[in-house]
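Colleague: I am new to this one and would like to know the reasoning behind the terms people use for it. Could you walk me through them?

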Amino acid sequence: MSDEDKPGASTLAVHGGEPHVRAGRSITEPLVLASTYPFAHTAELHAFMQGELDRPEEYGRYGNPTIAAVEAKLAALEGGGEPGFSAVLMASGMAAITSTLLAMLRAGQHVIFTADVYRKTRVFAQTYLSKFGVEVDIVEPSLAAIEAALRAETKIIFTEAPTNPYLRLVDLDGVVALARRERIKTIVDATFATPINMRPCELGVDLVIHSTTKYLGGHNDLLGGVVIGRGGLVAAIREQVGTLGAICDPHNAYLLGRGLKTLALRVERHNRSALALAHMLDEHPKVARVWYPLLESHEDHALARRYLGGGGGVVSFELVGGLEAGTRLVDGVRIPKLAPSLGGVESLIEQPALMSFYDQGPEGRAALGIREGLIRLSVGIEDLKDLRADLLAALDRT
Ligand SMILES: *Cc1c(COP(=O)(O)O)cnc(C)c1O
């Protein structure tokens with residue numbers, strides 16, 4: 001398909017994966033709450049087991065029509081409307097990450113993670129994978145560092161795009177070429193990008209993971225995760241989720257499907273407001289440094305220009321007065337709420353040193369590269385003029 005013929009992202013967000021006319025004529029996907037799906041008689045059961053029945057469901061852990069519909073939409077969005085993609089929804093972003101890695105790895109193998117990853121992904125890599133005899137290297141998010149860490153046993157390269165909290169990007173074309181040469185699988189946690197700003201599978205990445213808790217759900221009212229890719233790999237992960245049990249719940253899937261309808265609209269607003277606020281902060285005398293991929297000062301700006309349709313809704317920055325000044329700002333703003341998470345309609349603000357990395361102490365944080373004064377702002381969909389005025393007033397008071 002040429003780009004002209006492909007459906008656009010907002011059309012896919014609204015209609016992707018959906019039948020034109022549903023059974024029952026409902027315009028929305030019905031919420032099916034069923035733990036099991038009875039058979040009419042044993043002959044039907046036989047036919048089902050032989051794969052002769054057009055009926056996917058058997059028991060709730062193996063499938064649900066509401067969940068299947070949302071998976072189809074997610075596959076359509078991440079595949080840009082190309083056929084051949086499938087998705088598995090799970091209970092959380094971490095369930096998607098851990099189930100995917102456990103499905104693909106066995107003892108004696110090696111995984112390369114990039115350093116600026118979600119805190120619990122790092123914890124899983126370091127303290128759980130080792131229990132199963134899987135070796136791990138955590139390296140700088142750069143192609144050179146990834147290449148240097150390669151071993152004969154390397155099975156997976158896992159990175160985020162953009163990373164949390166410094167919004168770094170790796171040269172994904174380079175990583176994909178390297179991985180194909182060495183017969184290694186690539187996984188990208190693209191939670192921060194969303195399929196609106198980047199679709200790593202189009203670059204040849206094997207699997208994309210999202211915490212649907214963030215932009216895809218978009219309303220801070222659900223937890224979920226998804227892994228998306230082509231064919232066989234995803235089928236193997238689905239098979240395993242049926243055994244490990246980290247499944248999505250149908251009500252959650254319904255909320256996610258509803259949130260997805262407005263994904264493109266919301267992400268456009270997040271992109272626009274965050275870029276404007278990043279520029280504003282960058283020029284403010286009380287701000288020491290800003291990390292936003294579409295600012296020229298960002299170290300991966302050239303990669304951001306190549307890969308990102310928009311910079312996303314997260315802006316990380318540091319005040320001249322460090323941690324204490326940052327706390328005065330976080331406590332001084334009236335619109336963003338002090339909370340972990342990101343990607344919802346409500347703006348959220350936090351200091352990673354006092355949130356996800358509180359337990360690490362200053363030395364632990366330094367070792368992990370988390371700067372004491374760092375502030376992470378997740379820009380919501382409120383009016384830009386109000387966010388701007390609120391931040392400026394709070395900066396004045398710090
Ligand atoms: C939040 C997040 C996760 C974890 O997702 P949960 O839904 O909270 O389990 C993983 N990766 C990234 C980049 C995230 O932002």
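Modeller: Happily; we will take the sheets, then the ligand, then a loop, and please keep in mind that this is a predicted model.

Colleague: Let's start with the sheet of 7 strands: what is the order of its strands?

Modeller: The order is β1-β7-β6-β5-β4-β2-β3, and this open sheet has mixed pairing.

Colleague: What makes β1 and β3 edge strands?

Modeller: Each of them, β1 (85–90) and β3, pairs on one side only. As for how the neighbouring strands of this sheet lie, they are turned by 20° against each other on average, with direction ignored.

Colleague: How do you know that β1 and β7 pair?

Modeller: Two strands count as paired if there are at least two bridges between them. β1 and β7 (residues 225–230) have 6 bridges, in the antiparallel sense, so they meet the rule of at least two. One residue pair to look at is phenylalanine 85, whose bridge partner in β7 is arginine 230.

Colleague: And at the β3 end, how many bridges join β2 to β3?

Modeller: There are 5 bridges between β2 (residues 110–114) and β3 (residues 135–139), and these strands run parallel. Isoleucine 112, for instance, has aspartate 137 in β3 as its bridge partner. Add helix α5 (residues 119–128), and β2, α5 and β3 make a right-handed β-α-β unit.

Colleague: Why is that unit called right-handed?

Modeller: Look with the strands pointing away from you: the path from the first strand over the helix to the second must run clockwise to earn the name. The unit of β2, α5 and β3 is right-handed, so its path runs clockwise in that view.

Colleague: What is the order of strands in the sheet of 5?

Modeller: Those strands form an open sheet in the order β8-β9-β12-β11-β10, again with mixed pairing.

Colleague: Why do β8 and β10 stand at the edges?

Modeller: Each of the two, β8 (287–291) and β10 (337–338), has a single partner strand, so one side of each is left without a neighbour in the sheet. β8 is joined to β9 (residues 314–319) by 4 bridges, and these two run antiparallel. Within that pairing, valine 290 stands opposite phenylalanine 317 in β9.

Colleague: Now the ligand: how do you know that glycine 93 makes a polar contact with it?

Modeller: A polar contact asks for N or O atoms within 3.5 Å. A backbone N or O atom of glycine 93 lies 2.8 Å from an oxygen atom of the ligand, so this pair qualifies. Threonine 213 has a side-chain N or O atom 2.6 Å from a ligand oxygen, and a polar side-chain atom of lysine 214 lies 2.7 Å from a ligand oxygen. Taken alone the ligand exposes 380 Å², and the protein buries 94% of that.

Colleague: How many residues surround the ligand?

Modeller: There are 13, with Gly93, Asp189, Ser211, Thr213 and Lys214 the closest. By class the shell has 4 nonpolar, 6 polar and 3 charged residues. Helix α4 (residues 93–104) gives the most to it, with 3 residues.

Colleague: Last, what makes leucine 167 unusual?

Modeller: Most residues other than glycine have a negative phi, and most peptide bonds are trans. Leucine 167 has a positive phi of about 60° although it is not a glycine. Its place is the loop between β4 and α7.

Colleague: Which peptide bond to proline 162 is cis?

Modeller: The one from alanine 161, with omega near -20°. Proline 162 lies in the loop between β4 (154–160) and α7 (172–182). A cis peptide bond also joins asparagine 164 and proline 165, with omega about 5°, and proline 165 is found in the loop between β4 and α7.

Notes
Residues are numbered from 1 along each chain as its sequence is written. This is a predicted model: local features need pLDDT of at least 70, side-chain atom pairs count only at pLDDT 80 or more; totals for chains, interfaces and linings use all residues. Side-chain values use heavy atoms; hydrogens and water are left out. A residue is near a molecule or strand if one of its heavy atoms lies within 4 Å of it. A polar contact is a pair of N or O atoms within 3.5 Å; within protein, one must be able to donate a hydrogen and the other to accept it, and residues adjacent in sequence count only if both atoms are side-chain atoms. Accessible areas come from the Shrake-Rupley method with a 1.4 Å probe; for residues, only the protein chains shown count as cover. Ala, Val, Leu, Ile, Met, Phe, Trp, Tyr, Cys and Pro count as nonpolar, Asp, Glu, Lys and Arg as charged, and the others, Gly among them, as polar. Axes are lines fitted to C-alpha atoms, for helices over the stretch in contact, and angles run from 0 to 180 degrees between N-to-C directions.
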